[in-house]
Amino acid sequence: MPRLLALSLGTVALVGTAWLLSPFASAQAPGGSPSPSAEAASPVHSTSLPAPRMLFDFEGADAADWSVENDGVMGGRSKGYVERTESRLVFTGKVVTEGGGFTSVRAPRRVDLSDYDGIELRVRGGGRTFQLDVDDGTRSRGREVNRRGPVPTSDAWSTVRVPFASLTASAYGEPVRVDPVDRSAIQSVGIYIIDGQDGPFRLEVDWIRAYREAE
């Protein structure tokens, strides 16, 4: 009988050890109460996603790099203006659809965004829809290629994401067939208003940065 008792105790000890060492052990001990050892040994899951990369926060000299291009290059009469107010970019003006029907602002930013999925902006724009433009230097038959994605706005601040995969390519307003945007060779970022509506507009931009989607 003592020998049988010893064997039984040894089996229990082995079972307890196996439970503690098993990679599938839960945080509950066999008796039903949490196991501090199991909690301490719980794996920590970390991600390798890069943090958002700030492209423009308008707190330094960034705003000075932004320039306006109106539709006068196409015979239009739209007007746009850009300024920095309270560490924000403010893009205002008036769209006249007869003629070109657009105005835009742009800033150079040579950057490799290979590790990112798109660009996000924190904006407020009174309900007008703007367009984010990403330039990687691509040309089609000698013409500059625009790669744009919509930036809807409201009267409240909101963060809008524009995935690189959603950008549509055009040259002088005509769709073109080109390779996807070269994320490693971004040269500049622009914002257009070309929504087909006449009248004044105002867009405030708090920041612009690159983001990566969670796997």
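This tour goes through a predicted model, starting with its salt bridges and ending with one of its sheets.

**Stop 1: Glu86 and Arg88**

The structure contains 15 salt bridges. Begin by selecting Glu86 and Arg88, which form one of them, with 3.9 Å between the closest N and O atoms. Is Glu86 buried or exposed? Its relative accessibility is 65%, so Glu86 counts as exposed.

**Stop 2: Glu204 and Arg88**

Keep Arg88 selected and add Glu204. These two residues also form a salt bridge, and here the closest N and O atoms are 4.0 Å apart. Glu204 sits in strand β15 (residues 199–211) and Arg88 in strand β4 (residues 88–95), so this pair links parts of the chain that are 116 residues apart in sequence. Glu204 has 10% relative accessibility; because buried means under 20%, Glu204 is counted as buried.

Now show what surrounds Glu204. With neighbours within four places in sequence left aside, its contacts are Arg88, Leu89, Val90, Arg122, Val123, Arg124 and Trp157.

**Stop 3: Glu120 and Arg209**

Stay on strand β15 and select Arg209, then Glu120. Their side chains meet in a salt bridge, at 2.5 Å from N to O. Which strands does this pair tie together? Glu120 lies in strand β6 (residues 118–124) and Arg209 in strand β15, so the parts they connect are 89 residues apart in sequence. Glu120 counts as buried because its relative accessibility is 3%. Arg209, at 24%, counts as partly exposed.

**Stop 4: the network**

Select Glu86, Arg88, Arg124, Arg202 and Glu204 together. Salt bridges with shared partners join these residues into one network. Two of its links were visited above: Glu86 with Arg88, and Glu204 with Arg88. Arg124 also appears among the contacts of Glu204.

**Stop 5: an open sheet**

Leave the salt bridges and colour the strands β2, β5, β14, β7, β10, β12 and β13. These seven strands make up an open sheet, in the order β2-β5-β14-β7-β10-β12-β13, with antiparallel pairing. Which strands are at the edges? They are β2 (67–70) and β13 (174–175), each of which pairs on one side only.

Within this sheet, select β7 (residues 129–135) and β10 (residues 146–152). The two strands run antiparallel and are joined by five bridges. In general, the strands of a sheet pair through backbone hydrogen bonds. For a last selection, take Thr129 and look across to β10: the residue opposite is Pro152.

Definitions and conventions
Residues numbered from 1 in each chain as written. Predicted model: local features only at pLDDT ≥ 70, side-chain atom pairs only at ≥ 80, totals over all residues. Heavy atoms only, no water. Buried < 20%, exposed > 50% of the residue type's maximum accessible area, 1.4 Å probe, protein only. Helix = DSSP H or I, 4+ residues; strand = E, 2+ residues; numbered from the N terminus. Contact = heavy atoms within 4.5 Å. Pairing = 2+ DSSP bridges.
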